[in-house]
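Please open the model in your viewer and keep the sequence panel beside it. The stops below are meant to be taken in order, each beginning with something to select.

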Amino acid sequence: MAAKKNTGQAGKKEKTTGTSICGTTVGALKRNILHHVLSFQGCEPTRVRKGDLYMALAYTLRDLMTEKWLDTQSSYYEKEKKRVYYLSMEFLIGRSLTNSMLNLGIYDQVKAAIEELGFELSVIVDEEEDAALGNGGLGRLAACFMDSIATLKVPAHGYGIYYEYGLFNQQLIDGYQIESPDNWLRYGSPWTFERKQPVYPVQFYGRLSSYQDEEGNYRVHWVDTEDVVAIPCDMLVPGFKNGHVVNMRLWAARASRELDLSFFSRGDYIGAVKSKVSSETISKVLYPPDHNLAGMELRLKQQYFFVAATFNDIMRRYKKKNTTFDKFSSRIAVQLNDTHPAIAIPELMRLLLDEEGLSWEKSWDICVNTFAYTNHTLMPEALEKWDMEMIGRVLPRHLQIICEINQRFLDLVKIQYPGDEGRLQRMSIIEEGPVKRVRMAHLAIIGSHSVNGVAELHTKLLKENIFPDYDEFYPGKFNSKTNGITPRRWLLQANPGLAELITSRLGVSWVTDLDILRGLDSLADDSQFQGLWQAVKLANKERLADLIHKKCGVSVDPRSMFDVQVKRIHEYKRQLLNCLHVIFLYQALVRNPEMKIPPRTVIFAGKAAPSYWKAKRIIKLITSVAEVINNDPRIANKLRVVFLPNYNVSMAEVIMPGADLSEQISTAGTEASGTGNMKFSLSGALTIGTLDGANIEIMEEVGAENIFIFGMTAEEAEYERVHISRSPQRVCEENSGVAEVIDSIRTGAFSQGDKELFRPLVESLMDPHDPYLLLRDFDEYLACQERVGKAYLDQKKWTKMSILNVARMGKFSTDRTIRQYAEEIWGIPVEKEVS
C-alpha cells in the first residue's frame, strides 16, 4: 500500500520543542516523532518522507526504552542481583519496530500518530532492514531468548558481534543461488547506541614472557601483541508491558590507531590504512568462509574478540561492588550458546591467573561454577576443532592454558580409569593426528558445570552417542532444555488475525502464559469458531500469495494447500526428499489429470552456505522442477512450485501464518531440535515430519492423531547406515514410481536434456552409504503425503486438527525454556507475575 498523501497539517498543528518528549499519548508520540524528524533527520516536518519517518519513529521508541532500561540497570545494582551473560555469535533479530510497539503496549497509539502524520503504519514498518546477524535457528533462538529474558525480568545481558554485513542477500539467477553482501547498516541503525565508553583493547599474536611472583607462582605476561579496540553497541530489548528492558551488547572492531603515520614518511599511503582495515575486518561479516586458512583464522579471531571484550565488561561491572573474587560465580552466570564462545573458558582463566594473581585451583573452581554450555548440534562437522598451531600463533597464552586444563583433566581420568588409553584419547581436548586440533566441545564440557541439549532426543543422543564417556565421568552434568519460541513475535506480531480471534475467546493473558491456549480444546469442534479460524487462515494465505507473486512472478491459488518447507538448505534437512515428492506428484498428475487430490502449492525458501555446492545444486533442481511444472498446461492449477528468494525473519512472519502443511523431514537423529516446527504449529499449520528433534515432543503434546509422522527412528537410521538392509537400488526395484522419479532427473527431464547437471544428486541418492537415507524413507514419505491429501479434503477435520495444534503448544514458549535455564542452571528465581 502506498503512503497516504502528506498534507502537512500535523506538522503545522504541533511544533517540535527541541527536547525529547517520552510520553505515550498520540499527541506526545507525534511531538517526539516530529522532533526527531527535525533534529536527527534534518528534515522539514511538512515534507517528511517515509524513510525519515521510520527513523524518527524508531528513535522515539528508543527514547521510551532507554528510560526503562536505565531503571532496569539501576535495580540490578541496588539489589546486587546475580546476572546472566548470554554469549552468542549470532542474534537473528529481524525487524524491531513492530515488536517494540507491541511490547511497550503502545501499538494503537503509534498507529494513530502515524496516520495523523499522513502515512500508513504498514508502509513505515516496511522501511526497516532486517538485522540478519545470524544464520538460522541458533541465532533466532538467541533473539527469542532475549525477549523472554526481558519479559520474565531475568537480570541478563546478551553479548555478540555487531556485524557490518549480516547473512548474505540471496538472488536466484537462472535458478542458481547468487550471493551479494547484506549491508544492513548502510543507513545506520536507529536501534543501536554506539558508545564511547567503555572500550577495550583485545590482543592477538605476540609472545609470552614468564616469571615467578613473590610467592613463587608461575605467571605470564602476554607482550608485543597486535591490538584491536572493541566498541560497545547496545540494542535494547523490551519485555512485554512490564517496564523491564534489557540489552544486547554487540562489539564492533576498530583499529587501535586510526592510521600508522610511519608509512606517510615513506609515501606509502595505502600501507598507512592497511592495518586499520585489517583490524576492522573482524566485525565486518557474519561467519567468514572457513574452508581456507585465512577464513579459519578470522573466525577464531572473531570468537576471541567478542569473548575478550565481554569479559573485560564483566570484570568492570563486578569490580564496582567487589574487591575479591570470592563471590564471582554467585554473582555471575555465563551461558555459552554452542561452542563458538568456548574460548571464554581459557580467557577467564588467563584473567584470573595473569591479571588478578589467583591460584590455578581457585581460578578453575570459579571458572567451572560460572560457565554453562548449550550444545546445538549432532553433526560432527559442526563440533568445532581448531588447529593447535593456529591457536598457538593467534592466542599463545590460551593454548598454554588449554593444554594445562587438558593435562590436569586427563590425570583425573587416569585415576578413575587406569590403563584405559582409548578413553584418554577419546576424552582429551587435544585430538591427535597429523594435524593436532583442539576440540572446543570437549573444552566447553570440562569447563562448565552444566551441559544441556535442546530437545529430549537430542540430549539422549548426546549422552549415548556423541559424549558417552563424559556423561559417565560427569553424572548429572548433562540435562535437557527443549527449545521454544516467543509468542510475542510468532503469534501476537506475525499472526495478528489469529491472535485477535484467540484473545476474543481466552483473553489476553496467553501472551505471557502460553499454556492458556489449552482453552481452545473445547472450541475445536465448534462450527462457528471453525469458520472464523478458516477465515483467518485464508486471509493469511492471500497475503502470502501476494508475496509469492511479488517475489516470484507466479500466481497461486490461496485455496490450494500451502505445503511449506523453509529453512537453511542442507542435505540433512532433506529439501531434496520434498522435491522428489513434488516430481512424483507431477508425474502422477500427468498420467491421470483427474486424480482426486487437493490442489497443492509447494513453497520452498532458504539459503545455502556459499561454499556448500551440493546444497546450491539442490536449489537449482527445485527451481528447475518449478519451471517445468508451472509451465505445463496438462496439470492446470493442481500443482504449483515456488522458491522464495532471500528468506529472512520478516518473510517468515508472512510465510508461517499462511502455511497449511509444515515440512519437518530431517533424517531422524540429525536435527537437534528445530524451532521452525514450533512456529508453524503455533500458527495452525499441521506437521509432516520424522521422529527427530522437537518433532517428537510436539507429537506428544498435540497427539499422534494431529500430526503426520513417517520414517525411521534415530536408532533404525543408525542401524541402516551400518547394515544397509535396504539399498536405494532395491527401493527403486520395489517401487516403480520411485524409479521413475530418479530416472526423470537422471535423463535430464528437468535440465533441458542435460544429464550432467544433476548427476551428483542422483549419485548421492543412489549411494548405498547415503548418510541421510533419502530413498530409504521415500516410500513411507509418499504414503504419509497421501494421508495428508485425504485429510485436507475434509476441511472440518483439518480445521479441528489445526485448532488442537495451536491449543497444545504451551510447552514450546521460550518463557518456559528461560524459566528452566534460570532456575535449574543459573540459580536465579523467576518472578511468577510477568505482566
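A residue is called buried when its relative accessible area is under 20%, exposed when it is over 50%, and partly exposed in between, with a 1.4 Å probe and protein chains only. The model is predicted, and local features are given where pLDDT is at least 70, side-chain atom pairs count only at pLDDT 80 or more, and totals for chains, interfaces and linings use all residues. Residues are numbered from 1 along each chain as its sequence is written, and side-chain values use heavy atoms, leaving out hydrogens and water. Helices (H or I, at least four residues) and strands (E, at least two) are DSSP runs numbered from the N terminus.

**Backbone stops**

Begin by selecting Tyr205, which sits in the loop between strand 8 and strand 9 (207-212). Its phi is near 60°, a positive value in a residue other than glycine, and Tyr205 counts as buried because its relative accessible area is 15%.

Select Pro198 next, in the loop between strand 7 (192-194) and strand 8 (200-204). Look at the peptide bond that leads from Gln197 to Pro198, which is cis, with omega near -10°.

Now go to Lys153, in the loop between helix 7 (137-151) and strand 4 (156-161). Lys153 also has a positive phi, near 60°, in a residue other than glycine. Is Lys153 buried or partly exposed? At 27% relative accessibility, Lys153 counts as partly exposed.

**Strand 2 and its partner**

Select strand 2 (residues 91-94), where both faces are covered: Phe91 and Ile93 on one side, and Leu92 and Gly94 on the other, are all buried. In a regular strand the side chains alternate between the two faces of the sheet. Two strands are said to pair if DSSP finds at least two bridges between them, and strand 2 pairs with strand 3 (residues 131-133) in the antiparallel sense over three bridges. To see one position of this pairing, show Phe91 together with Leu133 of strand 3, which stands opposite.

**Helix 12 and Pro346**

Move on to helix 12 (residues 360-370) and colour its buried residues, which are Trp360, Ser363, Ile366, Cys367, Val368 and Thr370. The elements that cover them, judged by contact (heavy atoms within 4.5 Å), include helix 11 (344-355), strand 14 (371-374) and helix 14 (396-416).

From there select Pro346, which belongs to helix 11 and counts as buried at 0% relative accessibility. What does Pro346 touch, not counting residues up to four places away in sequence? The residues touched are His398, Ile401, Ile402 and Leu443. Cys367 of helix 12 can be added to the view: Pro346 and Cys367 are 21 residues apart in sequence and 8.9 Å apart in space, C-alpha to C-alpha.

**A three-stranded sheet**

Select strands 15, 16 and 17, which form an open sheet in the order 15-17-16 with antiparallel pairing. Its edge strands are strand 15 (385-387) and strand 16 (430-431), each of which pairs on one side only. Two bridges join strand 16 to strand 17 (residues 437-439), and the bridge partner of Ile430 in strand 17 is Val438.

**A six-stranded sheet**

Next, show the open sheet of six strands, which is parallel and has the order 22-21-20-23-24-25. The edges are strand 22 (639-644) and strand 25 (708-709), each pairing on one side only. Within this sheet, six bridges join strand 20 (residues 561-566) to strand 21 (residues 600-605), and Gln565 stands opposite Phe604 in strand 21.

Add helix 21 (residues 527-552), which lies across strand 20, strand 21 and strand 22 and runs at about 70° to strand 22; axes here are lines fitted to C-alpha atoms, for helices over the stretch in contact, and angles run from 0 to 180 degrees between N-to-C directions. Helix 24 (residues 649-658) lies across strand 20 and strand 22, running at about 140° to strand 20.

**Last stops**

Select Thr623 in helix 23 (residues 613-630), a buried residue with a relative accessible area of 13%. Not counting residues up to four places away in sequence, Thr623 touches Leu172, Gly175 and Phe643.

Finish with helix 22 (residues 575-591) and helix 31 (residues 774-793), whose axes come within 10 Å and cross at roughly 55°. The contact involves residues including Leu576, Leu580 and Phe584 of helix 22 and Leu774, Phe778 and Tyr781 of helix 31.
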